[in-house]
Amino acid sequence: MILTIQIPAAIKGGSFTDSRGKLGFCNDFDMSQVKRFYLVENANTEITRAWQGHQQEQKWFYVVSGSFMVAIVKPDNWSAPSANLPVDTHIIKAHENSVLHIPGGYANGFRALEQDSKLMVFSDFTLEEGLNDNFRFDANLWFNFQQ
C-alpha cells in the first residue's frame with residue numbers, strides 16, 4: 001500500500017474583467033469530495049476561532065468577502081499535544097479567489113482581518129461523520145492570533 005501524505009496548500013484562483021463586470025474563479029478546486037459547507041462571519045476582528053482539528057476530515061477555506069488569517073498546526077499527540085509545535089500561517093483574501101486546503105491530520109484556527117469578512121468552509125465529512133473526528137484544543141496553545 002502506498003501512503004500519500006498531504007500537506008496544507010493554497011489552490012490559486014484568478015479573475016477576469018471585461019465590460020460586463022468581473023468574474024472570480026478557482027478552477028483547480030476539485031469539489032468532488034465535498035459533502036457539506038458552512039459560512040462563518042465573526043462578530044468582529046478580535047474573535048479567534050481556534051483550535052479545532054481532525055485526524056481524517058479535510059477542510060477547504062474560501063473567503064467570500066474581506067480577509068482571514070488562518071493558522072495550521074500538525075498535532076504530535078491528539079490527546080496531549082506539545083505546546084511548541086510549528087505553526088503555518090496563511091492570509092487569504094476574497095479578491096484572490098484562492099482556496100486553502102487543510103487535509104486530515106491538522107488543527108486550524110482563524111481570525112477575520114477586516115470587519116464583515118465571510119469565510120466559506122467546505123468539508124469532505126457529513127456532520128455526523130465529523131462528530132467522531134473532532135478535536136478541540138485551547139485557543140492560546142500554539143499561536144497568538146492578535147499579533
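The charged end of K74 sits over the ring of Y106, at 4.7 Å from the ring's centre; a charge is said to sit over a ring if NZ of Lys or CZ of Arg is within 6 Å of the ring centre and within 35 degrees of the ring normal. The model is a predicted one, in which local features need pLDDT of at least 70 and side-chain atom pairs count only at pLDDT 80 or more, while totals for chains, interfaces and linings use all residues. Residues are numbered from 1 along each chain as its sequence is written, and side-chain values use heavy atoms, with hydrogens and water left out.

We can turn next to the strands. Strands here are DSSP runs of E of at least two residues, numbered from the N terminus, and two of them pair if DSSP finds at least two bridges between them. One open sheet has 5 strands in the order β1-β9-β6-β11-β4, with antiparallel pairing. Because β1 (9-11) and β4 (36-40) stand at its edges with a single partner strand each, one side of each is left without a neighbour in the sheet. From one strand to the next the twist averages 25°, where axes are lines fitted to C-alpha atoms and angles run from 0 to 180 degrees between N-to-C directions. The antiparallel strands β4 and β11 are joined by 5 bridges, and L39 has M120 in β11 as its bridge partner.

Another open sheet of 5 strands follows the order β8-β7-β10-β5-β12, again with antiparallel pairing. Its edges are β8 (88-93) and β12 (135-136), each with a single partner strand, so one side of each has no neighbour in the sheet. Strand β5 (residues 48-54) pairs with β12 in the antiparallel sense over 2 bridges, and the bridge partner of Q52 in β12 is R136.

What lies in the interior? A nonpolar core is a set of buried Ala, Val, Leu, Ile, Met, Phe, Trp, Tyr and Cys residues joined through side-chain atoms within 4.5 Å, and buried means under 20% relative accessible area, exposed over 50%, and partly exposed in between, for a 1.4 Å probe and protein chains only. The largest nonpolar core has 15 residues, of which F61, F68, V70, I92 and L119 touch the most other members. Two or more residues of this core come from each of β6 (59-65), β7 (67-73), β9 (99-102), β10 (106-112) and β11 (118-123). Apart from it lies another core, of 11 residues, including W51, M69, W142 and F143. As a general tendency, nonpolar side chains in soluble globular proteins are buried together.

Aromatic rings give a further view. Rings of Phe, Tyr and Trp (its six-membered ring) pair if their centres lie within 6.5 Å, and planes under 30 degrees apart count as stacked, over 60 as edge-to-face and the rest as tilted. The structure holds 9 aromatic pairs. The rings of F29 and F122 have centres 5.5 Å apart and planes at 65°, so this pair is edge-to-face. F29 lies in the loop between β3 (21-25) and β4, whereas F122 is in strand β11, 93 residues apart. F29 counts as buried at 12% relative accessibility, and F122 counts as buried at 8%. The rings of W78 and F137, with centres 6.1 Å apart and planes at 45°, form a tilted pair. W78 and F137 are both buried, and they belong to one aromatic cluster with W51, F135 and W142.

Technical notes:
Helices (H or I, at least four residues) and strands (E, at least two) are DSSP runs, numbered from the N terminus.
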